[in-house]
Amino acid sequence: MNKDLQNLISLAQIDKEASQLEPQITNIENELNEKIKLQTQVQDELEDLRNSVKKAKVSINTNELMIQENNDKIEQIDKKMSSVKSEQELRALDAENGLAKEKIAYANEQISKLEKELENFASKEQEIQNRIQELEQEIQDDREEAQKKTAKVRAELKKIFDNKEKIAKTIDNKVLIFYEKIRKWAKDTSVVAVKKQACSGCYIRINDMVYSELLRSDDIITCPHCGRILYIEQ
Ligand SMILES: [Zn+2]
């Protein structure tokens, strides 16, 4: 077999190994990013919760003011009661008094509801803060783990590329450029074996003429159908 072709087969094998390793780094990084994304989501949740707490507190204040106002009103009504002159006036004051008391009762009801909500918010907040702390620890651990893993993969890749460089040096430059050109589109199937007289890149049968040339010749021959570099498995 053509010496360049023989080396090209090794080179293609090395490129294949490298392209299988490279996604491992991306996968490791993606996993870590997912967890960081989750942490951001939980932090947003905490932010939302704190806004709800603020709103509830404002609402409690408003209701307390309402109670204050209506208490003042009742006091004034009581004062007027002492100098009431007619039955009609008395009824009107009574009605006003009743309305003020209703408003106070309603505001008190609202306040106790809001206070219960605040209690729930407090325990929820504690929960979320615990979760954030857990995630922080997990991310720290995962980050260390990811760094170790990617370093290992990068070391493997370096070994592969060093090996590639060594082999590439032994191949004629024109052949190498030709291979890289095919690799742009054929990726890891740029150099393929002929099996049962068919190209194992495009699976189309190779005619007898090209096939016999492949068997005899010492040239680098490409598939007439797809253009991949062919070799006979030995
Ligand atoms: Zn082909």
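The points below walk through a predicted model, beginning with its two long-range helical partners and ending with single residues.

1. Helices H1 and H2. Helix H1 covers residues 3-82, and helix H2 covers residues 87-170. Their axes come within 6 Å of each other and cross at roughly 165°, which makes H1 roughly antiparallel to H2, since an angle over 145 degrees counts as such. The crossing in which H1 passes H2 is left-handed.

2. Contacts between positions of these two helices. Isoleucine 111, which is found in helix H2, touches Ile60, Asn63 and Glu64 once residues up to four places away in sequence are set aside. With 18 C-beta neighbours inside 10 Å, isoleucine 111 counts as partly exposed, because that number falls between the limit of 12 or fewer for exposed residues and the limit of 20 or more for buried ones. Leucine 11, when its neighbours within four places in sequence are left aside, is in contact with Lys164, Ile167, Ala168 and Ile171.

3. Separations along the helices. A reader tracing the chain may find it useful to compare sequence distance with distance in space. Isoleucine 111 and glutamine 140 are 29 residues apart in sequence, and their C-alpha atoms are 43 Å apart in space. Asparagine 163, which also lies in helix H2, is 55 residues along the chain from asparagine 108, and the C-alpha atoms of the two are separated by 80 Å. Lysine 79 and glutamate 134 are likewise 55 residues apart in sequence, with 62 Å between their C-alpha atoms.

4. Surroundings of asparagine 163 and lysine 79. Asparagine 163 has 15 other C-beta atoms within 10 Å and is therefore partly exposed. Lysine 79 has its place in helix H1, and with 9 C-beta neighbours inside 10 Å lysine 79 counts as exposed.

5. The nonpolar core. The largest nonpolar core is made up of 12 residues in all, namely Leu8, Leu11, Ala12, Tyr179, Val191, Val192, Val194, Cys199, Ile206, Cys223, Ile229 and Leu230. At least two residues of this core are supplied by each of helix H1, strand E1 (191-195) and strand E4 (229-232).

6. Valine 191 as a member of that core. Valine 191 belongs to the core and is found in strand E1. Is valine 191 buried or exposed? Valine 191 is buried, because 25 other C-beta atoms lie within 10 Å, and 20 or more are enough for that class. Not counting residues up to four places away in sequence, valine 191 touches Leu8, Ile9, Ala12, Arg228, Ile229 and Tyr231; of these, Leu8, Ala12 and Ile229 are also listed in the core. By contrast, the C-alpha atoms of valine 191 and leucine 118, which are 73 residues apart along the chain, are separated by 69 Å.

7. Helix H3 and the residue that follows. Helix H3 runs over residues 173-186, and at 1.5 Å a residue its 14 residues should span 20 Å; the end C-alpha atoms are 19 Å apart, so the expected and modelled spans agree. Just after H3, lysine 187 takes a positive phi of about 50°, a positive value in a residue other than glycine. Lysine 187 is found in the loop between H3 and E1, and with 11 C-beta neighbours inside 10 Å lysine 187 counts as exposed.

8. Tyrosine 203. A positive phi is also found at tyrosine 203, where the angle is about 65° although the residue is not a glycine. Tyrosine 203 lies in the loop between strand E2 (198-199) and helix H4 (208-216). With 12 other C-beta atoms within 10 Å, tyrosine 203 is exposed, because 12 or fewer is the limit for that class.

Methods. Residues numbered from 1 in each chain as written. Predicted model: local features only at pLDDT ≥ 70, side-chain atom pairs only at ≥ 80, totals over all residues. Core = buried A, V, L, I, M, F, W, Y, C linked by C-beta atoms within 7 Å. Helix = DSSP H or I, 4+ residues; strand = E, 2+ residues; numbered from the N terminus. Contact = placed C-beta atoms within 7 Å. Expected span 1.5 Å × (residues − 1). Axes fitted to C-alpha atoms, helices over the stretch in contact; angles between N-to-C directions. Parallel < 35°, antiparallel > 145°, perpendicular 65-115°, else oblique. Left-handed = near helix turned anticlockwise from the far one by under 90°.
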